[in-house]
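Reader: I should like to learn how a structural model is read, feature by feature. Would you take me through one?

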Number of protein chains: 2
Amino acid sequence: MGIRVVPAAALNHASDEKIGALTDIVGFHIRLAHVAVYRHFTETFSDLGLTQKQVSVLWLVDDRPGIAQIDVGQHLQMDRATTMTIVNRLQAREYIRRERSEIDGRKQALYLTDDGRMALDKAKTCISQHEAWLKGRFTPAEIEKLVEMLSRIHE
Amino acid sequence: MGIRVVPAAALNHASDEKIGALTDIVGFHIRLAHVAVYRHFTETFSDLGLTQKQVSVLWLVDDRPGIAQIDVGQHLQMDRATTMTIVNRLQAREYIRRERSEIDGRKQALYLTDDGRMALDKAKTCISQHEAWLKGRFTPAEIEKLVEMLSRIHE
DNA sequence: GCGTAATCGTTAGTGGAGCATACAATCCCG
DNA sequence: CGGGATTGTATGCTCCACTAACGATTACGC
């Protein structure tokens, strides 16, 4: 995330040759794919009123009850402030409960409420539909390859 | 992925359709990859002060001078209102010029200013570095496959 | 132990982006 | 010519990401 050695190829590319079409840019396709997925997601979830991030947080807290906010952020690639706003929203809807950690007084331990668990259950069935829509484009082998390649990007 | 201390909850949502870990969700990986790319992008572009969207619009307008806003939005998967705000920002910085289309009075024809063209040139060299950072993870064949699969999602 | 550094949560502010709605101008077609 | 569709615009809302600061707590070095 900090300084990075730029391969010579990139410098050559930048100096002599013009970059071709916008569609040659890998990052461009990732963004478009994300937008398409995001759009379909919000359609599927229009009645639940939950976003990708919010569901991810619910899911994670359900998996690891008592997880601290900082760890939620780390798993979902968010900073502390962003995690705060999302947890705030979920707490306002009484899907999540905050408790001061007994082990480490700096941390908040997060737990799902019963409402939160019900919302997550509904969300998971919606996600099934959403994933089916997405996976329908690929063979199982392709899905595996895609996930593996995407993982290489986000480490 | 760690210890699961909630077999009860797990049994609950196992009832309809069994969804495993969050990391099994393809959409989840797409979002994480997008966040990682977005983050690196903004770092690379911190001094230029341009976002992905803004560069995409500049690029597109340069490729097709006189393009209408509605067509920009269509190519980049944005609605009219969103396109507006981005073009507004670029116009405020005098990177883009609006002209009423002579062919269709409803449309605005968009053109790059000289400043806009210089900014785009700078942006393209930055993108070279950014793409090198991204492509460094893959073989050429993998890149081709990745782009093809992502296109299946957003096309 | 004690003081300093690091960590975590919190608050406040900034900015980009997406969406819905409403309205005016313009075009197209019957 | 007139009604419906298209395009740009304005307004307002939500969400997400980041920064900077602060207090509380913990961890570390001596």
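**Strands, helices and DNA**

Author: Let us begin with strand pairing. In this predicted model, strand β1 (residues 67–68) of chain A and strand β3 (residues 108–112) of chain A run antiparallel and are joined by two bridges. A:I67 has A:L110 as its bridge partner in β3(A), and A:A68 has A:A109.

Reader: How many bridges join strand β2 of chain A to β3(A)?

Author: Strand β2 (residues 96–100) of chain A is joined to β3(A) by five bridges, and these strands also run antiparallel. Within this pairing, the bridge partner of A:R98 in β3(A) is A:L110. A:L110 is likewise the partner of A:I67.

Reader: In what order do the three strands of chain A lie in the sheet?

Author: The order is β1-β3-β2, in an open sheet with antiparallel pairing. Strands β1 and β2 of chain A are the edge strands, each pairing on one side only. As a general idea, side chains in a regular strand alternate between the two faces of the sheet.

Reader: Which helix lies across β1, β2 and β3 of chain A?

Author: Helix α3 (residues 52–63) of chain A does, and the helix runs at about 100° to β3(A).

Reader: How should I read a pair of helices, and at what angle do α2 and α6 of chain B cross?

Author: One reads the angle, the handedness and the residues that meet. The axes of helix α2 (residues 26–44) and helix α6 (residues 114–135) of chain B come within 10 Å and cross at roughly 145°. The crossing of α2(B) and α6(B) is right-handed. From α2(B), the residues in contact are B:A36, B:V37, B:H40, B:F41 and B:T44; from α6(B), they include B:I127, B:H130 and B:W133. By class, this contact between α2(B) and α6(B) holds seven nonpolar and four polar residues, with no charged ones.

Reader: Turning to the DNA, which residues come nearest to strand D?

Author: There are 22 residues around DNA strand D, and the nearest are A:T51, A:R106, B:I70, B:R80 and B:Q108. One then asks which parts of the DNA the protein approaches. Of the strand D atoms within 4 Å of the protein, 67% belong to sugar or phosphate, and the rest to bases. Phosphate oxygens of DNA strand D lie 2.5 Å from a polar side-chain atom of A:T51, 2.6 Å from a side-chain N or O atom of B:Q108, and 2.9 Å from such an atom of B:Q69.

Reader: Which element gives the most to the surface near DNA strand D?

Author: α5(A) does, with four residues. By class, the surface near DNA strand D has seven nonpolar, five polar and ten charged residues.

Reader: Which residues come nearest to DNA strand C?

Author: Among the 23 residues around DNA strand C, the nearest are A:I70, A:R80, A:Q108, B:T51 and B:T82. Sugar and phosphate make up 70% of the strand C atoms that come within 4 Å of the protein. Here the kind of DNA atom deserves attention. An N or O atom in the side chain of A:R80 lies 2.6 Å from a base nitrogen of DNA strand C. For A:Q69, a polar side-chain atom is 2.9 Å from a phosphate oxygen of that strand, and for B:T51 the corresponding distance to a phosphate oxygen is 2.5 Å.

Reader: Which element supplies the largest share of the surface near DNA strand C?

Author: α5(B) supplies the largest share, four residues. The surface near DNA strand C divides into seven nonpolar, six polar and ten charged residues.

Notes
Residues numbered from 1 in each chain as written. Chains lettered and ligands numbered in written order. Predicted model: local features only at pLDDT ≥ 70, side-chain atom pairs only at ≥ 80, totals over all residues. Heavy atoms only, no water. Pairing = 2+ DSSP bridges. Axes fitted to C-alpha atoms, helices over the stretch in contact; angles between N-to-C directions. Left-handed = near helix turned anticlockwise from the far one by under 90°. Contact = heavy atoms within 4.5 Å. Nonpolar A, V, L, I, M, F, W, Y, C, P; charged D, E, K, R; others polar. Near = heavy atom within 4 Å. Polar contact = N/O pair within 3.5 Å; in protein donor to acceptor, adjacent residues only side chain to side chain.
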